[in-house]
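Let's go through this one together, question by question. Here is the structure to keep in view.

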Amino acid sequence: MAQMRVLPGQPDAAATAAVDLRTRLAGLALPNPVLTASGCAGAGRELHQFVDVASLGAVVTKSIMLAPRAGRATPRMVETPSGLLNSIGLQGPGLEEFLAHDLPWLVEHGARPVVSIAGESVEEYARLAARLRHAPGVAGVEVNISCPNVANRGLVFACRATDAATVVRAVRQNTAGSVPVLAKLSPDVTDIVEIAAACVAAGADGLSLINTLLGMVIDTTTMRPSLAGVTGGLSGPAIRPVAVRCVWQVHEAMPEVPILAMGGILTGSDALEMVLAGASAVSVGTAIFHDPGAPGRILAELAHALAGLGFARLVDAVGYAHRPPEPPPDAGAGSGTVTDAGADAPAEGSADVEAVTGPPQVRR
Amino acid sequence: MPVQVRGEVLSVKRVGEYHEMTIVAPGIAEHARPGQFVTLAVGGTPTSMLTRRAFSIFRVAERGVYGGTVQVVFAVTGAGTAWLAARRAHDSLDVVGPLGRPFSLPRDPASATLVGGGYGAAPLIWLGEVLRRRGARVDFVLGASRETRLFGSLDAKRMATTVAITTEDGTVGVRGRVTDVLPTLMTRANADVVYACGPMPMLAEVTRIAADRGASVQVAVEESMACGIGVCMTCVLPVVGEDGVIRMVRSCVQGPVMDGTRVRWEDIGTVPEGTWGTAPVAGATSVRSGSR
């Protein structure tokens, strides 16, 4: 795949700047579709040294739990071909410290915070949501359901439709109606569409696809697992085709449900691939470890790619790969696959979008 | 504040079993201090190696014919460092730095003993020069498994009051380890502070020796890192805070330089009981790996 590296000031910068990058994730209007992925940008502070958090579509925080958490023993990370296998164990400060320090910092710096929450019981998720309800500045809630359910033999919520739905319902009920709830699904399931449908039925306003894949590495020198946690979550370009497949399948089954896609996005064309599969926005994760400037670069590359393909608006490219194989029909004639994909976006020029966003921006 | 720059390789040369690389990296050299590090992306674009490689800064030149340069020293230990060793003059490199906490310097002229294991000596050479300029007495203890893995002994001899060399095979200097000669040297130099960089077991032992003699001890820890900027939580180790509480601390942003006496050396690779964020009731639940 061709690598695109577009920097401001290059000849086609004007064409790139002309692409309308605004998008929506359920009720959430975003100036552009490039977000951070949970667990890969902390709560924004460290990344802000390299990328202005206000210039991102949104900052999806590292998953917050009720109590502080030490995480797992080391080694916690091992590099694999085009991937990373991690077993961090959700080390974090806990909700109260997050609310006292991290959330206000994000708001102060003009970021749109999408707070990722994780729990070990339905009750913990419900309490997290209820507490966030009264915290100013929360733009959205992403529910990390790839956690073990202590009440059900440690089975991961995301792996059973009923468990996933129960968590999502609890979070939705405790979240303000104006704040979208996104369910982040695991690809380690037999039928991701079934889980997705259950989450949507339970009130999810959108879906985040995908969490890491469960994997393992054995060190052939020590002849033991490389990670202290034995197994870990695989991320990075190695899993991108799995993510594209999941986005494709879910968008095909439920084209009206907004999707935030993540899984190995390293370039603008990787982001475009997710958009064409049906994503309204993308999260950049592992790429940040490789290149802290990645979110800004990927946004610029995505804009360039869209302009090169003749898209005037990002929303017109959402799900475009699903169009029928026949030559595209005349504009506005019947099948409407192009505009269909952007069905969740409001009509152009609606007051709601104008109020929240400025002119499309490529990079600050 | 760290920056990400497109650097240019000026030279790569062999020094014993190591490689010494000089990179033109404007904006980094000017702000770096001894003990800080840089990270380099490896493998070109695109690459299958996603984690950046972190290296202590050996030296900087704030301005020269080519602008600010930073030097790093590394051993080839895998595909990433092999790729770096194969770089040539004018090759482009993605550099982030300066990162991490530097060594803190004594306010008044003091006697400083600098202990380096292998190429862990690299940041200490620069530190020694800075300390000398501030009027400190500087003594070095440099050790390695064999002569070709010693680093910096000539530079050390140029500036230090004394330099002791140890090799495990006895090819040069005293046969043994740096920690075998450190107690005597500290007494002779009347050391107020010990600075150390090298393998973790060496740092643990140096800390014990220094603390026993009432000297303060600063160590640059060596934990494997992934992002180097404080977001991934990979490079953590148990450290006791001033409040007496153990925390899993990121060596990339709360280190790499730490007060050696705060590190729970014997517990590295574990999360000790009572660490901040562990359940008060010890019950090792089987938790699915992979959630960040």
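**Interface, salt bridges and backbone**

Reader: How many residues does each chain bring to the contact?
Author: Contact here means heavy atoms within 4.5 Å. By that rule, 41 residues come from chain B and 58 residues from chain A. Before we go on: this is a predicted model, where local features need pLDDT of at least 70, side-chain atom pairs count only at pLDDT 80 or more, and totals for chains, interfaces and linings use all residues. Residues are numbered from 1 along each chain as its sequence is written, chains are lettered from A and ligands numbered from 1 in the order in which they are written, and side-chain values use heavy atoms, leaving out hydrogens and water. So the contact takes, from chain B and chain A, 41 and 58 residues.

Reader: What area is buried between chain B and chain A?
Author: Buried area is the accessible area (1.4 Å probe) that two parts lose on being put together, summed over both. Carbon and sulfur atoms give 56% of it here. The total between chain B and chain A is about 4300 Å².

Reader: Which residue of chain A forms a salt bridge with Arg53(B)?
Author: The rule wants a side-chain nitrogen of Lys or Arg within 4 Å of a carboxyl oxygen of Asp or Glu. It finds two salt bridges across the interface of chain B and chain A. For Arg53(B), the closest N and O atoms are 2.9 Å apart, and the partner is Glu79(A).

Reader: How many residues apart are Glu129(B) and Arg59(B)?
Author: Over all chains, the whole structure has 28 salt bridges. Glu129(B) and Arg59(B) meet in a salt bridge at 2.8 Å, N to O. Helices (H or I, at least four residues) and strands (E, at least two) are DSSP runs, numbered from the N terminus. The pair links distant parts of the chain, with Glu129(B) in helix α2 (residues 122–133) and Arg59(B) in strand β4 (residues 53–61), and the separation is 70 residues.

Reader: Where does the cis peptide bond of Thr74(A) and Pro75(A) lie?
Author: Omega is about 0 degrees for the bond joining Thr74(A) and Pro75(A). As for Pro75(A), look in the loop between β4 (59–60) and β5 (77–80) of chain A.

Reader: And which residue follows Leu209(A) across a cis bond?
Author: Omega is near 15 degrees for this one. The residue's place is in the loop between β12 (206–209) and β13 (213–216) of chain A. The cis bond runs from Leu209(A) to Ile210(A).

Reader: What is phi of Ala26(A)?
Author: Ala26(A) is in the loop between β1 (23–25) and β2 (28–30) of chain A. Phi is positive in this residue other than glycine, near 50 degrees.
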